[in-house]
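The exercises below are meant to be worked through with the sequence and the structure at hand. Try each task before reading the solution that follows it.

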Amino acid sequence: MSMVLNEEQRLLQDTIDDFLSTNAPIDQLRRLRDTHDYKGYSIILWNQLTELGIPSILMPEEFGGFGFGFEGLGAVMQSMGRNLTASPLFSTVVLGASAIELGGTVSQQQTLLPNIAAGQLTLALAIDETHHHQPIDTAVRLKEQNGQLSISGEKVFVLDGHSADKLVVVVRSSGNAGDTKGLSLVLVDSNAAGLQINRIQYMDGRNAANIIFNNVRVKRNQLIGELGSAHTILQQVLDRGVVAISAEMLGGCQEVFDRTLQYLREREQFGVKIGTFQALQHRAAQMFCQLERSKSAVLSALSSLDKNSPDISLQASLAKTLINDCYQHVSNEAIQMHGGVGVTDELDIGLFLKRARVSLQILGDSDYHKNRYAQLMGY
Amino acid sequence: METTKQFRLDIRNWLIANCPESQRQPIIKDQQIWAGRHRTFYCGDAKLWFERMRDQGWTAPSWPTQYGGGGMSLEQAKILDQEMKALGCRPALYDIGLWMFGPALLEYGTEEQKQEHIPKIVRGEIRWAQGYSEPSAGSDLASLKTRAEDKGNHFIVNGTKMWTTQGDKSDWIFCLVRTDHQAPKQQGISFLLIDMATEGVVARPMELINGDHEFCQTFFDDVKVPKSNLVGNINEGWSVAKALLKYERNMMSIMSSIVEKEEGDIVAIAKRYIGLDSSGKLANNGLRAQLSEHLMRAQGDALSALRLYQQHKSGVVDGGLGLTMKYLSTSEQQHKDELLLAIMGNRGLSWHDQTFSISEKKTVKNWAYNKAHTIAGGTSEIQLNIIANKALQLPV
């Protein structure tokens, strides 16, 4: 395992690049955005991706999985970032299926994972309760009364929560906000009685939901892992998610950078290509340096997930912080260097700018991860 | 795989058996063993460690055994390097010849030149200096004026070189000299080796902003140099110099790996100078965030170095990544130096005053000295030019 793709992985990368640029070009996202498509992704595309085996890319082979691991997933996520592809892959496979794989009972795994692999079940992780990601502050309660479990409270900005078939809900069964002990994961059908799901459309055309739990009843077999001790599993799920979204951002950042370079090579002003101007050359070179540094961190984190490295949390926070800051910077520079045309909706650059800002917030912005990094380092 | 494991184990065992405990402490500048005719050892252990490594050829592990090198493959040399780092073994020998000039001579030198110079480099008998820059030729190196006139069987050299590292302590110098005045810039330059003991060579130290005198201005006044000291063809020295540049990057990474030893310390320093609050966080939020930012960038660069190595090993050609390293690592070193001063507050403003500790003074001197990192070996601006043109293919 390494930061350089082997032949098999390169083949996967080429296949998915070809596939997505043909079947899920950026125009598809525009259409989903402009028609306010009720799912926010193309079901046809998701079926096609399922035929390619993408939803089972991480799953162990015993559940009909593909066994490509995180380095393989990284290649797919990067390609989705480059093409701005909307799909349930992140919420359903990286977050939802991971929770079941890592914390679920054999029975849960056997009933759910094959359905996910077959593209017939989508999931969403209901975790945040404010507009900033801070899982440890989970306060939504899982109450037990007369032997009956129920959830009341509100989860906000649940990615793909408007369209998922089931929700993996992070709840508190004991202790207080800030405690690592007392967290539980519960699987809830999205049509369960007492659920109120309100769709939110983000600036990048993607969707989330605010979800109110009004005394939603839960059976014991809906728990993922032991009651009150889901923190470790949750950490693992989140680390996977952080690294996967970082890979998507790497792809997007690389694409918007490449498009900007192409523009610098072609655009003429004052009778010369603007790419000859040293003021622009140096800024482009600095972006490239930052991008290569971020890329090393993201590729290393993917590889570390496959190796099950003990420092994966540190690596995940490293990768997300570097690519957050890089994508933010590069997307701003991309607009500036494209000049007037850069601020038109007709050009795709603005779509990358918006995707960058949405993904910056997903599973923690840079401040969150810098703080987490400091904690893990012991200062 | 098994043989690699065994090799690693053998190396480790040898190092444990042969590296004295005192040579497994983080290196400090005054205790580095530099090559040279007048080589000195600050203690017996350092001499012993140097001699043991030298006799194995492991001062230059990947050089051919016929010239005294260790004869290792790149991968084996990497294992040696990793094991030395893991055990904290100090580098046994420091020399520009070892890092930069030797590899280039192995590539471009005649058999006679290799026989003469390479074994002495491996054995640390000669200290090499670099004679490229001149008072009026810095980033625009090809405008250099030091000239070598053809006098039949020898050259007569006249001119001035700047920034010759430890010029007054060096034995030989590899120089770029002008041998054709008519030819356009790069095309009239030759690569010449000069024994600094020759009459007419004078190295005069200059004081830098850190108070040290590491660099010299070296004067050549009618210096007689045998023609056999020419490396590569006459007027084709520029290509030798360019080849040497890639080894200069290796040197930078060696230099930064020496610094790496102290890397973890900035956390300890921050805890000492700032303190922790009741929740175990650094008591200054702004500096705490800056510390994370620095550590993350530095870690990203370390991972890039690993990725570059993996690319190299699997035969992937990606010129771009390597080109970013000098710019990033030298800038990051300066960020770190500034952060250290910020962490130390007024205790980071020392010069001679006795109020300040030795390590406080050292930190400040490093801070001043490291300003040269983004200038020497190709300024950051030149690096960015190269990246823009070579890696990004932006038009010239």
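**Exercise 1. Describe the overall build of chain B.**

Solution. Begin with the secondary structure: in this predicted model, chain B holds 11 helices and 8 strands. Next, take the overall extent, where the C-alpha atoms of chain B fill a box of roughly 80 × 50 × 50 Å along the principal axes. Then set the radius of gyration against the globule rule: a compact globule of 396 residues would have a value near 21 Å, and the 22 Å of chain B agrees with this. Turning to the interior, buried residues make up 37% of the 396 residues in chain B. Finally, consider how the chain meets itself: among contacts between residues at least 6 apart in sequence, 68% join residues that are at least 24 apart.

**Exercise 2. Find the domains of chain B and state how far apart the centres of domain 1 and domain 2 lie.**

Solution. The domain assignment of chain B gives domain 1 as residues 2–94, domain 2 as residues 128–239 and domain 3 as residues 264–391. With these bounds in hand, the C-alpha centres of domain 1 and domain 2 of chain B are found to lie 31 Å apart.

**Exercise 3. Examine helix H4 of chain B for its length, its bend and its burial.**

Solution. First locate the helix: H4(B) covers residues 96–108, which is 13 residues, and reaches 17 Å from its first C-alpha to its last, close to the 18 Å expected at 1.5 Å a residue. Second, look for a bend, which appears at Gly102(B) and amounts to about 40 degrees, with a proline, Pro103(B), following within four residues. Third, ask how covered the helix is: 11 of the 13 residues of H4(B) are buried, so that the word for this helix is mostly covered. Among the buried residues of H4(B) are Trp99(B), Met100(B) and Phe101(B), and the residue at the bend, Gly102(B), belongs to the list as well, together with Pro103(B).

**Exercise 4. Work out which parts of chain B meet chain A.**

Solution. Start with the counts on each side, which are 36 residues from chain B and 31 residues from chain A. The elements of chain B that give two or more residues to this side are helix H7 (265–274), helix H8 (285–313), helix H9 (319–344) and helix H11 (380–391). Of these, H8(B) gives the most, with 15 residues. Sorted by class, the side of chain B that touches chain A has 19 nonpolar, 10 polar and 7 charged residues.

**Exercise 5. Describe chain A, and then the contact between its domain 1 and its domain 2.**

Solution. Chain A has 11 helices and 10 strands. The radius of gyration of chain A is 21 Å, close to the 21 Å that the globule rule gives for 379 residues, so chain A is as compact as a globular protein of that length. Of those 379 residues, 52% count as buried.

The next step is the division of chain A into domain 1 (7–121), domain 2 (124–229) and domain 3 (232–377). The C-alpha centres of domain 1 and domain 2 of chain A are separated by 23 Å, and 17 residues of domain 1 are in contact with 16 residues of domain 2. On the domain 1 side, the elements that give two or more residues are helix H2 (26–34) and helix H5 (89–103) of chain A, and the largest share, 6 residues, comes from H5(A). By class, this side of domain 1 has 8 nonpolar, 7 polar and 2 charged residues.

**Exercise 6. Decide whether Leu305(A), Leu363(A) and Asp222(B) are buried or exposed.**

Solution. The cut-offs needed are 20 or more other C-beta atoms within 10 Å for a buried residue and 12 or fewer for an exposed one.

- Leu305(A) lies in helix H8 (residues 278–307) of chain A and counts as buried, because it has 24 C-beta neighbours inside 10 Å. Beyond its neighbours within four places in sequence, Leu305(A) is in contact with Phe70(A), Arg240(A), Val243(A) and Ile312(A).
- Leu363(A) sits in the loop between helix H10 (349–361) and helix H11 (366–377) of chain A, and is buried, with 27 other C-beta atoms within 10 Å. Its phi is near 55 degrees, a positive value in a residue other than glycine.
- Asp222(B) is found in strand E7 (residues 215–226) of chain B, and is exposed, with 10 other C-beta atoms within 10 Å. Phi of Asp222(B) is near 50 degrees, again a positive value in a residue other than glycine.

How values were computed:
Residues are numbered from 1 along each chain as its sequence is written. Chains are lettered from A and ligands numbered from 1 in the order in which they are written. This is a predicted model: local features need pLDDT of at least 70, side-chain atom pairs count only at pLDDT 80 or more; totals for chains, interfaces and linings use all residues. Two residues are in contact if their C-beta atoms, placed from the backbone, lie within 7 Å. Ala, Val, Leu, Ile, Met, Phe, Trp, Tyr, Cys and Pro count as nonpolar, Asp, Glu, Lys and Arg as charged, and the others, Gly among them, as polar. The expected span of a helix is 1.5 Å times one less than its number of residues. The bend at a residue is the angle between axes fitted to the seven residues ending there and the seven starting there. The radius of gyration is taken over C-alpha atoms; the globule rule is 2.2 Å times the number of residues to the power 0.38. Domain bounds come from an automatic or database domain assignment.
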